[in-house]
Amino acid sequence: MIRKNKIPRILIAGVTSGVGKTSITCSIIHGMKDKGYSVQPFKVGPDYIDPTYLSAISDNPARNLDSWIMGKEAVVQSFLNNSNSEISVIEGVMGFYDGFSGTSNFSSTHHIASILQTPVILVLDASKTARSIAATALGYTKFHRNSRIVGFILNKIGSKKHEEMCRGALSRLKIPILGVIPKNSEFDIQSRHLGLIPVIEQNELKQKIKKIAKKISCYLDIDGIISIAKQASPFFQASKQLQTQFKVKIGVALDKSFNFYYYDNFDALRREGAKIEFFSPISDPAPPKCDGLYIGGGFPEVLGQLLTKNHTMKKSIKSLAEQGMPIYAECGGLMYLTKSIEYGDKKYSTVGLFDAETTMEKKMTLNYTKAQVISDCIVAKKSTKLFGHEFHYSELTSIPKDSKFAYELSIGVGINGKKDGLLEYNTLASYMHLYFARNNYPSNFVKNCIKFSAR
């Protein structure tokens, strides 16, 4: 069944990274809620941290939109399935046209805006410019034949005179200015080596972002932004997929150490018949009674001392793996399943399922990934093509020469020599993050869990 659905929506983009997109998007959401609207947030790109801020402000779980890892069809479907609030607000990633390569806009914020036919508000950092800001703005509006830019927000304005100069310069573009935010160090948000600090780690940080959002929203034309969102063109929406009756239970590690997940992955597992039960590798004595485990990414190195102290959890996970329970782990989960994590001058003892060690590095690994399955595993059969991403500051050392890998990468780095996805018993652990709704990964994972539960 197809029905016409008018979804009020707006996308907040930036000329570059670091212009204040997250704090401004949070402020727009706050302003809309303050006027009585419910808001569903989205984040462009394979980002796990910024969505925690959007979720904290909106009180709705933020969803990711990425055309490389999801594919165009899944981007549209996820957006339609989750746009159940009165307004949908999308935060962009990096610079507006930055994506997979320098020769196209594929997988950029602009690409998502085009796929979803969404009007765009561009955030301009005015801190080191005045009249020249118009040249930057003009370039962004004209770089692509349909930029979809319908408004500007000026950030880091130094004075009233500075504001007047910027407004004067931009007036010739005939595009409305929907916010002018003064330069204020109190509006800055704490960061760490993978970007911002996840809100889940600190209640104090959650309160801070709420306070920042409230202050910044006063400098924004919230009514004007709402009006633009309501003018977005309608979508033709297919009926939603029905949830399957639960067949198995999958334990998902979720706490301050492991919280990098796509909510769509949980939905995909539920559609295949999995009941999700969350547990904490830091504070729980063992995983819940279940038929499979999912250990996502996060910051196990930061919480290494607490993870190390939980001996019963580590022993339990290793024992379940040795019994053949399907276990799927990504990035932080991979690190946790090695023998140890070395961070600064500390070395933390971890699960020890894989006979390798993890060392934190100063060099960042950040790539979209493309791989082929070279060994059957719990999420895919041999020869399957995989699309994902990798983002970490760690590497595995002392990897045994006879280690078995599931993936061979044509794009990306992986664990060792373009190989990724360590295999042991019925456990798969990789640096590559996957988006489950794109392929049969959740179906295969659930089928393996059913086999295990039937033993």
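Trainee: Is F96 buried or exposed?

Mentor: Start from relative accessible area: under 20% counts as buried. In this predicted model, F96 has a relative accessible area of 0%, so F96 is buried.

Trainee: And Y97, buried or exposed?

Mentor: Y97 is buried too, at 12%.

Trainee: How do the rings of F96 and Y97 sit?

Mentor: Read two values, the centre distance and the angle between planes. For F96 and Y97 the centres are 4.7 Å apart and the planes make 50 degrees. That pair is tilted.

Trainee: What about Y97 and Y140?

Mentor: Planes under 30 degrees apart count as stacked. Y97 and Y140 have planes at 20 degrees and centres 5.9 Å apart, so this pair is stacked. Y140 is buried, with 19% relative accessibility.

Trainee: Where in the chain do Y97 and Y140 lie?

Mentor: Y97 is in the loop between strand 5 (87-91) and helix 5 (109-115). Y140 is in helix 6 (residues 133-142). They are 43 residues apart, so the pair links distant parts of the chain.

Trainee: How many aromatic pairs does the whole structure hold?

Mentor: A search finds 24. Rings can also join into a cluster. One aromatic cluster is formed by Y261, Y263, F266, F278, Y294, Y328, F436, Y441 and F445.

Trainee: Which residue lies over the face of F387?

Mentor: R438 does, at 4.3 Å from the ring centre.

Trainee: How many disulfides are there?

Mentor: Zero.

Trainee: Why does C26 have no bond to another cysteine?

Mentor: Check the sulfur distances against the cut-off, which is within 2.5 Å. The closest cysteine sulfur to that of C26 belongs to C218, 15 Å away, so it is too far for a bond. C26 is buried at 0% relative accessibility.

Trainee: And why is C449 without a bond?

Mentor: The closest cysteine sulfur is in C290, and 8.1 Å is too far for a bond. C449 is also buried, with a relative accessible area of 0%.

Trainee: Now helices. How many residues of helix 2 are buried?

Mentor: Go residue by residue. Helix 2 covers residues 50-58, and nine of its nine residues are buried. Among them are D50, P51, Y53, L54 and I57.

Trainee: What follows helix 2?

Mentor: D59 does, and its phi is positive, near 65 degrees.

Trainee: Let us try a strand residue. Where does T358 lie?

Mentor: T358 is in strand 20 (residues 357-373). Its relative accessible area is 1%, so T358 is buried.

Trainee: Which side chain makes a polar contact with that of T358?

Mentor: The side chain of T338, at 2.9 Å.

Trainee: Which residues are in contact with T358, leaving aside neighbours within four places in sequence?

Mentor: They are M335, T338, S340, I341, E342, S394, E395 and L396. T338 thus appears in this contact list as well as in the polar contact.

Trainee: Last, confidence. What pLDDT does the protein chain average?

Mentor: The average is 92, and 94% of the residues score at least 70. Look at the local values too. Over residues 192-196 the pLDDT is below 50. That stretch still has 23 contacts in the model beyond near neighbours in sequence.

Conventions
Residues are numbered from 1 along each chain as its sequence is written. This is a predicted model: local features need pLDDT of at least 70, side-chain atom pairs count only at pLDDT 80 or more; totals for chains, interfaces and linings use all residues. Side-chain values use heavy atoms; hydrogens and water are left out. Buried means under 20% relative accessible area, exposed over 50%, partly exposed in between (1.4 Å probe, protein chains only). Rings of Phe, Tyr and Trp (its six-membered ring) pair if their centres lie within 6.5 Å; planes under 30 degrees apart count as stacked, over 60 as edge-to-face and the rest as tilted. Helices (H or I, at least four residues) and strands (E, at least two) are DSSP runs, numbered from the N terminus. A charge sits over a ring if NZ of Lys or CZ of Arg is within 6 Å of the ring centre and within 35 degrees of the ring normal. pLDDT is the predictor's confidence in each residue, from 0 to 100. Contact means heavy atoms within 4.5 Å. A polar contact is a pair of N or O atoms within 3.5 Å; within protein, one must be able to donate a hydrogen and the other to accept it, and residues adjacent in sequence count only if both atoms are side-chain atoms.
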